[in-house]
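Visitor: I would like a close look at strand pairing in this model. Please go through it in order and give the cut-offs as you use them.

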Amino acid sequence: MILSRSALASLNQDSAILPPPNLFNLPEKVIQFGTGVLLRGLPDYFIDKANRQGVFNGRVVVIKSTDSGDSITFDKQDGLYTVCVRGILDGKNVEENSINSAISRVLSARSQWDQVLMCAHNPEMKLVISNTTEVGIRFLEEDIRQQPPVSFPGKLLSFLYERYNAFGGSNESGMVIIPTELITENGSKLEAIVHDLARQNSLEQAFTDWLKNSNHFCNSLVDRIVPGAPAAVEKLQIETKLGYRDDLLLVAEAYKLWAIESGSEKVKEILSFSQVDEGVAIAPDITRFRELKLRLLNGTHTLSCGLAILAGFGTVKEALENEAMNRYVSNLMRFDIAPAIVGEHISEQEASQFAISVLDRFRNPQIDHKWISISAQFTSKMKMRNLPVLLSYYSKFQSVPEYFVLGFAAYLLFMRSKLKEDGKYAGEASGREYIIQDDKAAYLSEKWNSLPLNEFVENIMRDESLWEMDLTALIGFSAAVTARLKSLINDGALQVMQNRLVNTLVGF
């Protein structure tokens, strides 16, 4: 039996939290750009939880960029999916299965754009959420009257322009827009792009005034490890216990945070789901949340994933079971990242406590977080998540951060690849091939294959199109990376970690 609305009556309520029938009659209040597991495992999780408690009382229309993939599955399952929470929270084991009914329908932007625009005519619509990957918030010069526009900001502007016209530019028709893409000041950047697009499309001044004064673009930060569907064997075990098949089932860790930057009472009123879970934090300034998460969690992931893959580890929990890898991750946070971010917004104690929680989350035996997934868009993540840490470290200590260097060298070696017949770039580690998902894969592959190693490192370090600065200006950094890169090539990632970390401490 596959999960669906008609199947709910025959399900065992002891195995999963079932949605009450009245939730299916709630009005649509949210437009969500993206079907990914992060959105379904965090914002939609909070909305569903609030609906169960009679607080938010609204459902989500999901906009998918294409017709392919899981849209048919959503239709078959009436938008229902199971969230399996697994992990440790406040020292207690957490295991919870709940059937999420927040999603009312999934629309394809490509073939159902007219229906997407009709959602703009719904007076109940108040909130826009997005996660279009870290490269989704970008300016593309285009006509927003296309069916549909190409870029996410173009689609958003088209939707907002439709809403402006539908309600005559009333102040009450304005929306709260919360991107969750992992870039600093995501809301502010999206707002600037949307305004630039409005000018480029010569939209009337009255609309741009409404756009500015009646809509609220909020910076936000999401923090929850949601690897998605578990391995086939584990998924079958879960489904056997639940008593149904769920092709949208996802696993999420117990920890959860959605920090939203706003001091507006109107925004707080619209985001009423914040009342039912302390994991939603609405504050005038979310710098502290952002820096802790972006640098210590995501930055550690990024600096570790190259080493982990080169050492032959498939998942985060597998890597953390290895003493050398565990030491590397711990010392990277303790000696390089935490000292660099401590300052005006973050105390030494806060950094230390957050790092300890990160280690616990990485070691979660219930989460199969794949390193190859973490490596997606490796270059842009290295730039956005880690270069600010590197620059801060140099500013404070005028010296080379040892563990950062090793992680950066591993990134370069990970990007050594060959072009396959199918057009993908592949590297090799521990006798196994891996596919590189990075916009700079072709560029770095060409550099690897055309330059001697020393020249390769210097060339990449000086490339301001990659880093927006010349990294060779950081005294000793280029030489240290070159030395570590040679060691990785000659001795292997695991042996290098064992050699470098044999006398270092573990933990905080």
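Guide: Two strands count as paired if DSSP finds at least two bridges between them. Strands (E, at least two residues) and helices (H or I, at least four) are DSSP runs, numbered from the N terminus. The model is predicted, so local features need pLDDT of at least 70 and side-chain atom pairs count only at pLDDT 80 or more, while totals for chains, interfaces and linings use all residues. Residues are numbered from 1 along each chain as its sequence is written, and side-chain values use heavy atoms, with hydrogens and water left out.

Start with the six-stranded sheet. It is open, its strand order is 5-2-1-6-7-8, and the pairing is parallel. Strand 5 (103-108) and strand 8 (216-217) stand at the edges; each has a single partner strand, so one side of each lacks a neighbour in the sheet. Within this order, strand 1 (residues 28-33) and strand 6 (residues 127-130) are joined in parallel by four bridges. One residue pair in this stretch is Ile 31 with its bridge partner Val 128 in strand 6. Helix 5 (residues 152-166) lies across strand 1, strand 6, strand 7 (176-179) and strand 8, where contact means heavy atoms within 4.5 Å. The helix runs at about 155° to strand 1; such angles run from 0 to 180 degrees between N-to-C directions, with axes fitted to C-alpha atoms, for helices over the stretch in contact.

Next comes a three-stranded open sheet, ordered 9-11-12, with mixed pairing. Strand 9 and strand 12 are its edge strands, and each pairs on one side only. On average, neighbouring strands in this sheet are turned by 10° against each other, direction ignored. The mixture is visible at strand 11. Strand 9 (residues 220-223) pairs with strand 11 in the antiparallel sense over four bridges, whereas strand 11 and strand 12 (residues 280-283) run parallel and are also joined by four bridges. Ser 220 has Ile 260 in strand 11 as its bridge partner. Ala 259 has Ala 281 in strand 12 as its bridge partner.

Strand 11 (residues 257-261) is largely enclosed by the rest of the structure, because five of its five residues are buried; buried means under 20% relative accessible area, exposed over 50% and partly exposed in between (1.4 Å probe, protein chains only). In a regular strand the side chains alternate between the two faces of the sheet. In strand 11, Leu 257, Ala 259 and Glu 261 point one way, and Trp 258 and Ile 260 point the other way. The buried set thus includes Glu 261.

The remaining pairings to follow are those of strand 3. Seven of the nine residues of strand 3 (residues 81-89) are buried, so this strand too is largely enclosed by the rest of the structure. Strand 3 and strand 4 (residues 92-100) run antiparallel and are joined by nine bridges. Ile 88 has Asn 93 in strand 4 as its bridge partner. Strand 3 and strand 4 form a hairpin with two residues between the strands, and Asp 90 takes a positive phi near 55° there. Strand 3 also runs parallel to strand 10 (residues 250-253), with four bridges joining them. In that pairing, Cys 84 stands opposite Val 251 in strand 10. Strand 3 is therefore joined antiparallel to strand 4 and parallel to strand 10.
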